[in-house]
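Hi,

Here is the structure I said I'd pass on. Have a look at it first, and then read my notes below.

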Amino acid sequence: MLGLAVFGAIVSLLNRDKTFFLLAALLVTSLRIAGFNFGWDLKWIGWVLDARFVPVVKNLTLLLHLVLTVALFQELFGQQIQGARSSFLLPCLYVTYLLAAGLTLLAPAHASIVLIWVLGVVTTVTIFLFLAQILRKDASPVAIWYALSWFVTGLGMFGEIVNALGYPGSLTKVMNSQVAAISAAVLSGIALAAKLQHEREARISAQHSAVTALQRFRENYNAMPVGIFSMKHDGTLIEHNPTFAEMFPGNGRRNSKIGLNWVELTNLEALKAVKELTSSDRMMDTELAIERPDGKRRWFHVRAVRKVERYEGWIEEITARKEAEGQLKFLVDHDSLTGLLNRRGFEIHLQKAIGSAVNRPVCLAYVDLDRFKLVNDLFGHAAGDQILRQMATRMREVIRPPHVAARVGGDEFVVIIDGPSLESAKTLCEKLRVDLSDRAYQYQDKAFNVTASIGLIRVLDNMRPADALTASDRACSEAKASGGATVISYDSSSTELLNYLDEIKLVAGMKERLPIENFFTQLQPIVSLRNPESSLCYEVLIRMRDNSGQVLPPARFIPAAERNGLMTQIDRWVLRSTLEWLDSQPAHRDNVDFCTLNLSGASLNDEKFLQDTIALIRSHPESTRKICFEITESVALYDLNTTRRFVDRVKSFGAMVALDDFGAGYTSFSYLKELPGDLVKIDGNFIRDVNLNRANFAITRAVVDLAHELGMGCVAEWAENAGIVKSLIELQVDYAQGYGVCRPLDRERLLAVPNAVTLIRDQETADIILGSAIGARDASQRLTLPI
C-alpha cells in the first residue's frame, strides 16, 4: 500500500495532477487507521511512538482522512456537483474539520473521538446525497466505483459502532474501520483509474477530432478561391496555397513560389504598401495594381497582418471587378451603343466649357439624320444601330479634342465646339455633314444613303445646357424643314435665337407667377343667329401680361406654355376661376346659355387633371351646367378612349362638350360619330373664305346638315364681316363667333347686357342678324295661321 502511495505521489509530481497526490495521501491515512485498529501502530515501519500521543495522532489521522476523502470527491466530481448547495456544504465541512482538529489537541482523546465519529457520519451522509444526485443524472463507472468505496466505508463505521456498543461477534472482524479504510482506498483508486480511462478515451477522441479538423482545414486551405500566403518581413515567401500559385503562373515555377520574393511576383510598391499598412494589432486592407506586359493592369485585393517574424494574409484578384466598375463609370456619362457622351456627360462637358470660357466662344451643333426612321421601319433596329455606330466613328474622325461629340437621342447627336468662332464652327459642321452624308452606310450586303441636318448656335453667357440644346434643336429643325442635308446657324443677333431666348424668359416668368399672377381671362361673345335677342353665350379666353404690364398675344405665350408643360396648370386655373366667377354672379349665370372653355391636349391626357376637373365641377354644380368644354379633333383622336371617358364624366354632371376646329383633320366624320358632343365649331379656314370658295360653302353646308341630323348645334368661327354672317344665316348655322361679330371683352362688360347681339359694334352685321331673326319669326307665324 505504501508502494502504491509512493507511486501515486510520483505520478502526481510528473503530471502535475493533484488527484494522484490526494489518492496517495488517502492510502497512507488508511494504513494508519488500519494500524491503529490492529494494534501495531506503535511500531509502524520501525518507528516507535510514545503511547501518550497515540490517541491524539489517531484522532488527527481520522480527521485528515475525512479531509482527504472530501477533497478527492471534489476532484473527481467537482464539475457535476457545482451549485449553491455544494458551494455552502463542503466549505462548512472543511471549517468543521479545522475546529475539530483544534479540539482534539486541547480536549481528552475519548471526548474528541465522539465528535470525529459524528463528523464521519455527517461527511458520509453529505457525500451519499451528492452521489445519489450524480448517479441519478449520470451513472458513470467512476461514480459507481466511488459509491462502492463509500458503501464499504459505511459498513466499517457501522461495525465499529456495533463493537463500541458491546455486541462482539464475528461480523465485527470483517466490518471494522481498518478493513473499511483499506477497501475504500482501493475502491477509490479503482474509481480514479476509471476516470483516467474516461479521460484517456476523451483525449483520444479529441485528438482524432483535431486531426480530422486539421485535415479538413488543409483541404479548405488548398481549395480556397483566394490566395493565402505567409512571408518574411523582407518579402520572402514561406508558405502559400495552390490558388496563390495559380495567380502568378510565371516566375519560373508553376506550383510552388516558396523562396521567391513578393517583389518578384508583384512590385516594390506592393511590398512597401504591405510594410507601411500592416501592424500587429491592425489588419491591412487595400487594393494593389500591377502592370502587365501587355500594358494593362492586374488588380488585387490584399489583406495582411504583421506577426513576430512574418506577414500572414490573403490575396484575391479583382481585375474583372475593376474593369466592370470602370465600364459602369464609363456608361454613367457615355452612350452604350456608340461610346460617345450621353446626355448627362454632354451637360457636364457643356457646363465646364461655358464656365471655363473667358473671351472664348463656345458653339453647339445639333446633328439629326434625315429619314432615319425609314431604315428602322424597313430593315429593323439592328440595321439602324449599325448605322449609328458607323456615324459615331465618322464623327470621331472629324470632331477632335477639345471638341466633344455626344448622343442625346435615338438618331440625334450634339457637338460641343470649344474655341472657334461661329464661322469656323460652321465650316467644321459643313465638313461633318459632308462626311456623314456623302458616303453610304453598310449593313450586311446593303448600303444606305442617309443625310444629316445640322443646327448650329453660339452658346451665350449664362445659358443653361438644356436651353442651349433646345435652341440648337430648333436650328436643326429649320435645316430639316428646308429640305435637309444642310447646316443652319444662329448667331447672337439671329431673330430665331432671340425669339427663343425671349420664350425662355417668358416661360420662367410663367413658372414663377402661375397660376394667378399676370394671368386673366376675357370673354368673346358667341351670337345666336336664330334667337339673338334672348341668347347670351361666350368663349373664355386666357390672357397674360408681361412684367411691364403689356398684354401678350396668345400666339406668343400659349405655344411656349405647351412646349414647356405648363398648359395643364393654366387650364386648371381657367376652369376654377370661371366656375368661381359664375357662382359669384348668380343673376348673370342664370341668363347665360353656355360659356366654352378650351382644353389642351396635355390636359385631356393627364389623369390628374381629369380627377381635378371632376372635383371642381362637383363642387360647383350650378355653374357646371353652363360650361361647355371645347375638344379639338387632333387631341380627341390621340387617345379616343380617354377622351370618351372624359366626355361621359363631365356630361353626367350637366356640362356640355363642343367639338372644336371641326373639318381641320382627316377623320372628322369618324370623330363626329365617336364622341357625343353638343356643339360643332366649324374650323375657321372654311368660314373665312365661305363667300370666295364654292367648295368651302358646300363643305360648310354639309357639316351643318350633318350636325343638325345628329341633334347638335353649329358654331361658325372667324365670322369676320357682314357678308360672311349673311351666308351663315343662309346656311342655317346656329351661332357665329369672330371679330366681325364682337372682339374679346373684359368679363365685367357682359354683366350689364341681356344678350350678345347688343355687343355687336358693326351696325350692318347687327341689322342682318336681327332682321333675319324677325323674318324667321314672321314666317313661323304665317305658317301657323288657319287657311
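**Salt bridges, a pocket and a patch**

Lys 322 has a relative accessible area of 22%, so it falls in the partly exposed class. Before I go on: this is a predicted model, so keep that in mind throughout.

Which residue does Lys 322 pair with in a salt bridge? The partner is Glu 287, with 2.8 Å between the closest N and O atoms. This pair ties together distant parts of the chain, since Lys 322 belongs to helix α12 (residues 319–333) and Glu 287 to strand β5 (residues 284–291), 35 residues apart. Glu 287 is partly exposed too, because its relative accessibility is 31%. The two also belong to a salt-bridge network that links Glu 287, Arg 321, Lys 322 and Glu 325.

The count of salt bridges comes to 28, and two others are worth a look. Lys 480 and Asp 368 make one at 3.6 Å, N to O. Here again distant parts of the chain are linked: Lys 480 is in helix α17 (residues 465–481) and Asp 368 in strand β8 (residues 362–369), 112 residues apart. Buried means under 20%, so Asp 368, at 10% relative accessibility, counts as buried, whereas Lys 480, at 30%, is partly exposed. The other one joins Glu 312 and Arg 310 at 2.7 Å, N to O. Glu 312 is partly exposed at 24% relative accessibility, and Arg 310 is partly exposed at 30%.

Now for the largest pocket, which has a volume of about 1000 Å³. It is lined by 32 residues, and those closest to its centre are Glu 539, Leu 541, Pro 554, Ile 558 and Asn 598. Elements that give two or more residues to the lining include β15 (519–528), α19 (554–563) and α20 (567–584). β16 gives the most, with five residues. By class, the lining splits into 14 nonpolar, eight polar and ten charged residues.

Finally, there is a nonpolar patch on the surface, of about 440 Å², made by Leu 135, Ile 144, Trp 145, Leu 148, Val 186 and Ile 190. Helices α6 (141–164) and α8 (177–223) each supply at least two of its residues, with α6 giving the most, at three. Leu 148 sits in α6, and at 38% relative accessibility Leu 148 counts as partly exposed.

Cheers

Technical notes: Residues are numbered from 1 along each chain as its sequence is written. This is a predicted model: local features need pLDDT of at least 70, side-chain atom pairs count only at pLDDT 80 or more; totals for chains, interfaces and linings use all residues. Side-chain values use heavy atoms; hydrogens and water are left out. On a 1 Å grid over the protein atoms alone, a cavity is a set of points where a 1.4 Å probe fits but cannot get out, and a pocket is an open set with protein on both sides within 12 Å along at least five of seven lines; lining residues have an atom within 4 Å of a point. Grid points are joined across faces, edges and corners, and a volume is the space filled by probe spheres set on the points. Helices (H or I, at least four residues) and strands (E, at least two) are DSSP runs, numbered from the N terminus. Ala, Val, Leu, Ile, Met, Phe, Trp, Tyr, Cys and Pro count as nonpolar, Asp, Glu, Lys and Arg as charged, and the others, Gly among them, as polar. Patches are made of residues with over 30% relative accessible area and no salt bridge: like charges are joined within 9 Å, nonpolar side chains (Val, Leu, Ile, Met, Phe, Trp, Tyr) within 5 Å. Accessible areas come from the Shrake-Rupley method with a 1.4 Å probe; for residues, only the protein chains shown count as cover. A salt bridge is a side-chain nitrogen of Lys or Arg within 4 Å of a carboxyl oxygen of Asp or Glu. Buried means under 20% relative accessible area, exposed over 50%, partly exposed in between (1.4 Å probe, protein chains only).
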